[in-house]
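Okay, thanks for having me, everyone. I'll put the model up and then walk you through it.

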Amino acid sequence: MTASGAWWTPWREDGSAVILHVDLRPDPGREARAFALLDEDERARWNRFVVKGARRQYALCRAALRINLCHRLGCSNRELSFGYLEHGKPFAKVNGAPSGSNFNVSHSGRHGLIGFAKRDGLGVDLEVRTPGRDFDGIGSRVYGPRERLALSGAAGREKADLFYRLWSLKEALIKALGTGFSLSPSRFEVPRPMIEGERSAVFRFPHLPSEPFRLEDLGEPRFAAACAYRLMG
Ligand SMILES: CC(C)(COP(=O)(O)OP(=O)(O)OC[C@H]1O[C@@H](n2cnc3c(N)ncnc32)[C@H](O)[C@@H]1OP(=O)(O)O)[C@@H](O)C(=O)NCCC(=O)NCCS
């Protein structure tokens, strides 16, 4: 496929990670092209989604991931497949063998992100902000003491922004680690300077102090977003 028909664009890049933004607006032509690239297992998964938007998110992100991985790995779409770690984190295989590439995907509403990193241990997260939820109530279950205190001190739009900023930062970390929500997000806190608005910090999980991660707030007016990747120990 030529770049001109692409529904993804380069979005952020530093020396360690490259992040693409994926356009997930309804577009039947794109969706048909994306679906055609999925393998049998992926089509079966696509079929199990009952909500149309979830099907679209999955097909457009997975097909964009496929095209970009084929380019990076020098393989054909047919040669590429995915395996899944214990908690569902996907990894790429070429002709059945693990490829060693490091990527992560997130989607929410009409936006998706695909990240690629040089090293193992990348997580990306994107959250479209929905106003008017019980932010303090949800926060009391998923946030730690400092995070809850900051949230309780905010009001209105500021509270919603803080809630989603913290959420995307924590989920990027959980996805970098690969544990999913088997690790409760209340068991660790975003570094204090980032709670207060800094865009970047080094983070260590309390149970893994020897494994530092770079944590980046990538939020912008359209959505909250974050990425986390493992640094050299
Ligand atoms: C991973 C998880 C945090 C993603 O949350 P989400 O807000 O629904 O979704 P996002 O859009 O940010 O990310 C979804 C993508 O993350 C990736 N992903 C799935 N599991 C992952 C994991 N464990 N770690 C990192 N990435 C994961 C997939 O690429 C997925 O996209 P796809 O389904 O289109 O391929 C969540 O699904 C989860 O916790 N899964 C694990 C379940 C689990 O641990 N079960 C065990 C008992 S608790």
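So, how do the residues of the shell around the ligand divide into nonpolar, polar and charged? Six are nonpolar, nine are polar and five are charged. Keep in mind as we go that this is a predicted model.

Let's stay with the ligand for a minute. There are 20 residues around it, and the ones that come nearest are G88, K89, S106, K175 and G180. As for which elements supply the shell, four of them give two or more residues: helix α3 (52-73), strand β6 (102-108), strand β8 (122-127) and helix α6 (156-177). Strand β6 has the largest share, with four residues. And if you're asking which domains the shell draws on, at least three residues come from domain 1 and at least three from domain 2.

That takes us to the domains themselves. The domain assignment splits the chain into domain 1, residues 8-118, and domain 2, residues 125-230. Their C-alpha centres lie 24 Å apart. How many residues does each one put into the contact? Domain 1 puts in 18 and domain 2 puts in 15. On the domain 1 side, the elements giving two or more residues are β2 (17-23), β6 and β7 (111-117). Strand β7 gives the most there, five residues. By class, that side of domain 1 has five nonpolar, 11 polar and just two charged residues. So you'll notice β6 turning up twice: in the shell around the ligand, and again on the side of domain 1 that touches domain 2.

Now the helices, starting with α4 and α5. Helix α4 is residues 135-142 and α5 is 145-152, and they pack at about 170° with their axes 9 Å apart. Which way do they run, then? An angle over 145 degrees counts as roughly antiparallel, and so α4 and α5 are roughly antiparallel to each other. Who meets whom? From α4 it's F135, D136, G139 and S140, and from α5 it's E147, R148, L151 and S152. That contact divides into two nonpolar, three polar and three charged residues.

Next door in my list is α5 with α6. Their axes come within 9 Å and cross at roughly 160°, which makes α5 roughly antiparallel to α6. Here α5 uses E147, A150 and L151, while α6 brings K159, L162, F163 and L166. By class you get five nonpolar, no polar and two charged residues. E147 and L151 are on the list for the α4 contact and on the list for the α6 contact.

Last stop, α3, which also gives residues to the ligand shell. Why should its ends sit about where they do? At 1.5 Å a residue, its 22 residues should span 32 Å, and the end C-alpha atoms are 31 Å apart, so that agrees. Just after α3, G74 takes a positive phi of about 65°.

That's my tour, happy to go back to any part.

Definitions and conventions:
Residues numbered from 1 in each chain as written. Predicted model: local features only at pLDDT ≥ 70, side-chain atom pairs only at ≥ 80, totals over all residues. Near = placed C-beta within 6 Å. Nonpolar A, V, L, I, M, F, W, Y, C, P; charged D, E, K, R; others polar. Domains from an automatic or database assignment. Axes fitted to C-alpha atoms, helices over the stretch in contact; angles between N-to-C directions. Parallel < 35°, antiparallel > 145°, perpendicular 65-115°, else oblique. Contact = placed C-beta atoms within 7 Å. Expected span 1.5 Å × (residues − 1).
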